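Here are a few exercises to work through with the model open beside you. Try each task on your own before reading its solution.

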Amino acid sequence: MTSKPDWSQFDFSHPTISNFKVETILNCSLKYKFTCDDKLPTAPARALELGRTFDLLCETGEIPDDLKLLNEKDVSIIRERYQEYRGLMPVGKRQFSFQKMVDYKDWSLIGFIDLVPDEFPNAPIIEIKFSEEKWTQKKASYKGMQAAIYAWALEHDWVQFHVMNFKESGLQTFDMNIGEIEIDQMLENVVRAIRKIEDGIREPEENKLCGWCDYQVHCPLFNTKISSDNEVEKWI
Ligand code: SF4
């Protein structure tokens, strides 16, 4: 949850891909078109603002006063969690960014990492969440590719990816170990995603995140084929 990515540090003279683009194109090429080709606006995300606000509190000790999506209860939860768990929050380099060539034509992979602990490589990379849903292996594995990208970007053989979920009812933590197998799998997925971007076909592809899609109103599938009881897992 980097607060303000600085895009000027990247070289966009060659094609670039990010974790967001990989996940989007592999899930649905039409959503990729809406988001990355057409750059249609998305709905503001409260979950992101929760995360960014917590991140800023950790960095500066203060909560900004220009919050748009959070109410007083949200802010008090953030303060309480910070007070309770600040001793557990590792000190590290924030807003670590990277751009590395992938082994495919002249594409590079770019990204930002929330927090790289000072003691790395043995300390975990931290991912902070605010969700009332319990994290499970299945939910955490959704983040596996992101964690593998981090490990690859940091040139580690492995990383421990540590999810801290600040539920209203208390802290939940979840660990994942990322090694060579996951990194190889991630790189295969990145190349698969690039090929899908290059093929230029942009079709709706029903997937379990359709219920969360900001572009339902533009999607020819959503109001017809996709049933109203499409299961949306309420996790972030
Ligand atoms: S609703 Fe589903 S199929 Fe339609 S664009 Fe969004 S993700 Fe793709």
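## Exercise 1: The overall fold

Among contacts in the protein chain between residues at least 6 apart in sequence, work out what share joins residues at least 24 apart, then describe the order of helices and strands.

Solution. Keep in mind that this is a predicted model.

- Step 1. The share is 65% of those contacts.
- Step 2. Counting the elements gives seven helices and six strands.
- Step 3. Read from the N terminus, their order is β-α-α-α-α-β-β-β-α-α-β-β-α.
- Step 4. The protein chain holds 236 residues, and 26% of them count as buried.

## Exercise 2: The two sides of a helix

Take helix α7, residues 180-199, and decide which of its residues are buried and which are exposed.

Solution.

- Step 1. Begin with the length: α7 has 20 residues, and the distance from its first C-alpha to its last is 29 Å, close to the 28 Å expected at 1.5 Å a residue.
- Step 2. The buried residues in α7 are Glu 182, Ile 183, Met 186, Val 190, Ala 193, Ile 194 and Ile 197. They cover an arc of only 115° around the axis, so they sit on the same side of α7.
- Step 3. The spacing helps here: an α-helix has 3.6 residues a turn, so residues three or four places apart point the same way.
- Step 4. The other side of α7 carries the exposed residues Glu 180, Ile 181, Asp 184, Glu 188, Arg 195, Glu 198 and Asp 199.
- Step 5. Following α7 comes Gly 200, with a positive phi near 80°.

## Exercise 3: The segment after α7

Find Tyr 215 and say which residues it touches, leaving out those up to four places away in sequence.

Solution.

- Step 1. Tyr 215 is placed in the segment after α7.
- Step 2. Tyr 215 counts as partly exposed because it has 19 C-beta neighbours inside 10 Å, while a buried residue needs 20 or more.
- Step 3. With the residues up to four places away set aside, Tyr 215 touches Lys 31, Phe 34 and Leu 40.
- Step 4. Pro 41 is 174 residues from Tyr 215 in sequence, yet their C-alpha atoms are 9.2 Å apart in space.

## Exercise 4: Two lysines with positive phi

Where do Lys 39 and Lys 105 lie, and are they buried or exposed?

Solution.

- Step 1. Recall the background: most residues other than glycine have a negative phi.
- Step 2. Lys 39 is not a glycine, but its phi is positive, about 55°. Lys 105 is not a glycine either, and its phi is positive at about 45°.
- Step 3. Lys 39 belongs to the loop between α2 (29-37) and α3 (46-60). Lys 105 belongs to the loop between β2 (92-101) and β3 (108-117).
- Step 4. Lys 39 is exposed, with 8 other C-beta atoms within 10 Å. Lys 105 also counts as exposed, with 11 C-beta neighbours inside 10 Å.

## Exercise 5: A strand residue and the ligand shell

Locate Gln 172, then say how many residues surround the ligand.

Solution.

- Step 1. Gln 172 is in strand β6 (residues 170-178).
- Step 2. Gln 172 is partly exposed, with 15 other C-beta atoms within 10 Å.
- Step 3. Gln 172 and Glu 133 are 39 residues apart in sequence, and their C-alpha atoms are 9.9 Å apart in space.
- Step 4. Turning to the ligand, 14 residues surround it, the closest being Cys 28, Pro 204, Cys 210, Cys 213 and Cys 219.
- Step 5. Sorted by class, the shell around the ligand has nine nonpolar, two polar and three charged residues.

Terms used:
Residues numbered from 1 in each chain as written. Predicted model: local features only at pLDDT ≥ 70, side-chain atom pairs only at ≥ 80, totals over all residues. Near = placed C-beta within 6 Å. Nonpolar A, V, L, I, M, F, W, Y, C, P; charged D, E, K, R; others polar. Helix = DSSP H or I, 4+ residues; strand = E, 2+ residues; numbered from the N terminus. Buried ≥ 20, exposed ≤ 12 C-beta atoms within 10 Å, placed from the backbone. Contact = placed C-beta atoms within 7 Å. Expected span 1.5 Å × (residues − 1). Arc of directions from axis to C-beta.
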